[in-house]
Every structure is written in structure tokens, then in C-alpha cells.
Amino acid sequence: MARTLFILTLFLSVEFLLGESVTAKLGESVEFSASGNCADHEPFTLIQVHEDHRPITVAHRADGVWQPGPNYAARTEHQSLLCVVLSRLNFNDNGLYEFTCGNQVVTLIQLQVLRATPVSVSEGGAAELPCYHHTAGEPVDTVRWERNGTLVIEVERVSREVRYGPGLAGRVSVSAAWFLEGNLSLTLRGAQLEDTGDYVCYIQGDKDAKTRRGHAAAAAAATLTISKRNPDQRSCAPEHPRDEEKKEMETRSIVITFVVTLVVFGLLGFALGWKLKSCKLQRPAVARTADVESSLVSNGISRL
């Protein structure tokens, strides 16, 4: 019994230490929500803990309203008693955040700020959303892509099991060798207008087994834009391939007819020219014969 309680306590402690993982795009906003409240007489504070363990106050609650810290005057906003909004995110906002009530930590939040790669494709086309991560020798078991927080595809390394989001089976894929090559990029085919959105790539290992997503891989965000087909362009495209083949055959027939006609007329012209030339060659011979006969008659010699 004592051993069971120890394991349960250890499990809850590890889960708490892992905290909640939140990802957001560079320049946008993120909501920090506390999982527990704090009495009004206790100082309730949201702090960022830097790697040197130096705490920086992001906001503190006073009279039921969240007030910004010294360096966050224009970037924090009161949302509710348990929620603070941090806007215009920059890369220095990456890190661990704590909601503290007095000297007790109420909530841990791990924030990762991602720079989204813009990707655009025409409706019906294919696109590749880049995601690369060092996987060699790492305990990476699963790669997961989400769009606007919903599942796109999830692939398990050992079982090779693949799960798809609604309507995405057969249209999205990750390289079969993603773990060997560290290429976790998402390939999307037959792009539809509803595919537009923000995509994030997550990797999950043994230590992330208690979380749904795992943690976001480096350079793993992309903003996909789908451009609508132009109706005029669609109408200009041949709707029936057979009609196109028929037009091509008609064109070939016209060309062949034209060439044959030229050859026939060329041969006729050659034959006519040859005949005229032959006639010209025969006329002098007839004239010479008539002259000889005339000469013989005048000299009194008759033709035998």
C-alpha cells in the first residue's frame, strides 16, 4: 500500500513538473491560465523563470485585476481572475512560466514561440510543410501534426500506426523514413480551401507519454494559404480530352492535305513544263524539213 502511494505521488509530481506545453507564433498572443485560484490576501503572480533561475514578474493580480510587470506594460492584458494574455510574442518569451500564490507554485506552463513558415498553394495542388528535428539516438516515438489545434496526422515509430484527422486520410503523409532522416515534413495533396490555417509539428518521446502532443519540434510551424481557382481559368481548360484529340487530328489532316496538294500541283507543273519544252524542240525540225523540200522543188528535184 505504501509503495502504491509512493508511485502515485511520484506520478503526480512528475506530471506537475512537466507542466502544460503551449505553443504560439512569433508576434501573436498567448493565454496563460492558472489551474488553481489564490486567496485575495495572498500575492498571486505570473512569473517567467529564466535559465539562470532568475524570476521575472510578467503580471500580478491586485484587487481582482491582473496588472503588468515592469517590462510588460504594453503587452499584458487582464482576461479573467485566472487568465492573463501576453501579446506581441518574441523569442525571448520562450521558457517556463509559473503562477505562484504566495510562495507556492500553482501552475507550470512551458511556452515555445515558433516562427511560422509561409506556404501557399493553389486549390487542388500539393504542398510540403517543413519540419526537421534531430532524431538519431533520441527517444522520439511519435510525430504529430496539428492544424489550428486539431489533429492532421499522427505516426508512431514502432507500431507504424497512423491516425488521421477528419477527411484527411489519403491526402496527408509523413515520410516513412522520418525517424531515420529527421525529416518530419508534412505532405498535403489535393489542397482544399478549408485546409488553410496554422500547422504545428510535435514530437513525443517516453518522457512525454502523459501529454497528448509532446513538445513542438524546432522550426516546426507553418502557415498554409490556399488560393482559390479562377473560374475563368477553369472554363478555359479542356473539359473533354476526346474533343482535344479530335481537334489535333483535324489539324493534322489539314496539314497533310495541304502538303499533298502542293506535291500534286508541283508534279502537274513539272509535267506541263516538260511538255511545252518538248514542243519547242520539235518545231525547228519541221521548219527545216519544209525548207529543204522547197529548195529541192526550186532546183527541179522532186522528192521520191
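Q: How many bridges join β11 to strand β16, and in which direction do the two strands run?
A: In this predicted model, strand β16 covers residues 186–188. One pair to look for is Glu128, which stands opposite Thr187 in β16. The two strands run antiparallel, and the number of bridges joining β11 to β16 is three.

Q: Which strands are the edge strands of the open sheet with the order β11-β16-β15?
A: This open sheet has three strands, with antiparallel pairing. From one strand to the next, the twist averages 25 degrees. An edge strand here pairs on one side only, and that holds for β11 (127–129) and β15 (172–174).

Q: What is the strand order in the open sheet of six strands?
A: The pairing in this sheet is mixed. At its edges stand β1 (20–25) and β5 (65–68); each has a single partner strand, so one side of each is left without a neighbour in the sheet. The twist from one strand to the next averages 25 degrees. Read across, the order is β1-β9-β8-β3-β4-β5.

Q: Which residue in β8 is the bridge partner of Leu46?
A: Start from strand β3, which spans residues 44–49. Six bridges join β3 to β8, and the two run antiparallel. In β8, the partner of Leu46 is Phe99.

Q: How many helices and strands does the protein chain have?
A: It helps to begin with the chain as a whole, which has 304 residues, 31% of them counted as buried. The chain exposes about 19,800 Å², and carbon and sulfur atoms supply 58% of that area. Its secondary structure comes to four helices and 18 strands.

Q: Among contacts between residues at least 6 apart in sequence, what share join residues at least 24 apart?
A: This value describes contacts within the protein chain. The share that join residues at least 24 apart is 57%.

Q: Is Lys25 buried or exposed?
A: You can find Lys25 through its salt bridge with Glu28, where N and O are 3.4 Å apart. Glu28 counts as partly exposed, because its relative accessibility is 37%. Lys25 has a relative accessible area of 18%, and the cut-off for buried is under 20%. Lys25 is therefore buried.

Q: How many residues apart are Asp141 and Arg157, a pair that links distant parts of the chain?
A: These two form a salt bridge, with the closest N and O atoms 3.4 Å apart. Asp141 lies in strand β12 (residues 140–147), and Arg157 in the loop between β13 (150–156) and β14 (162–164). Asp141 is partly exposed at 22% relative accessibility, and Arg157 is partly exposed at 31%. In sequence they are 16 residues apart.

Q: What is the relative accessible area of Asp195?
A: Asp195 forms a salt bridge with Arg171, and their closest N and O atoms are 2.9 Å apart. Asp195 lies in the loop between β16 and β17 (197–205) and Arg171 in the loop between β14 and β15, so the pair ties together parts that are 24 residues apart in sequence. Arg171 is buried, with a relative accessible area of 13%. Asp195 is buried too, and its value is 3%.

Q: Which residues are linked in a network of salt bridges?
A: Side chains of opposite charge can pair when their charged atoms come close. A search of the whole structure finds ten salt bridges. The residues linked in a network are Arg144, Glu146, Glu154, Glu156, Glu161 and Arg163.

Q: Which residues is Thr76 in contact with, leaving aside its neighbours within four places in sequence?
A: Thr76 belongs to strand β6 (residues 76–80) and counts as buried at 17% relative accessibility. A polar atom of its side chain lies 3.3 Å from the backbone oxygen of Tyr72. Beyond the neighbours set aside, the contacts are Val58, Pro68, Val84, Val85 and Leu86.

Q: Where is Asn148, which has a positive phi although it is not a glycine?
A: The phi of Asn148 is about 50 degrees. This residue counts as partly exposed, at 47% relative accessibility. Asn148 is found in the loop between β12 and β13.

Q: What is the phi of Arg88?
A: Arg88 is found in the loop between β7 (83–86) and β8 (95–101). Although Arg88 is not a glycine, its phi is positive, at about 50 degrees.

Conventions. Residues are numbered from 1 along each chain as its sequence is written. This is a predicted model: local features need pLDDT of at least 70, side-chain atom pairs count only at pLDDT 80 or more; totals for chains, interfaces and linings use all residues. Side-chain values use heavy atoms; hydrogens and water are left out. Two strands pair if DSSP finds at least two bridges between them. Axes are lines fitted to C-alpha atoms, for helices over the stretch in contact, and angles run from 0 to 180 degrees between N-to-C directions. A salt bridge is a side-chain nitrogen of Lys or Arg within 4 Å of a carboxyl oxygen of Asp or Glu. Buried means under 20% relative accessible area, exposed over 50%, partly exposed in between (1.4 Å probe, protein chains only). Contact means heavy atoms within 4.5 Å. Accessible areas come from the Shrake-Rupley method with a 1.4 Å probe; for residues, only the protein chains shown count as cover. A polar contact is a pair of N or O atoms within 3.5 Å; within protein, one must be able to donate a hydrogen and the other to accept it, and residues adjacent in sequence count only if both atoms are side-chain atoms.
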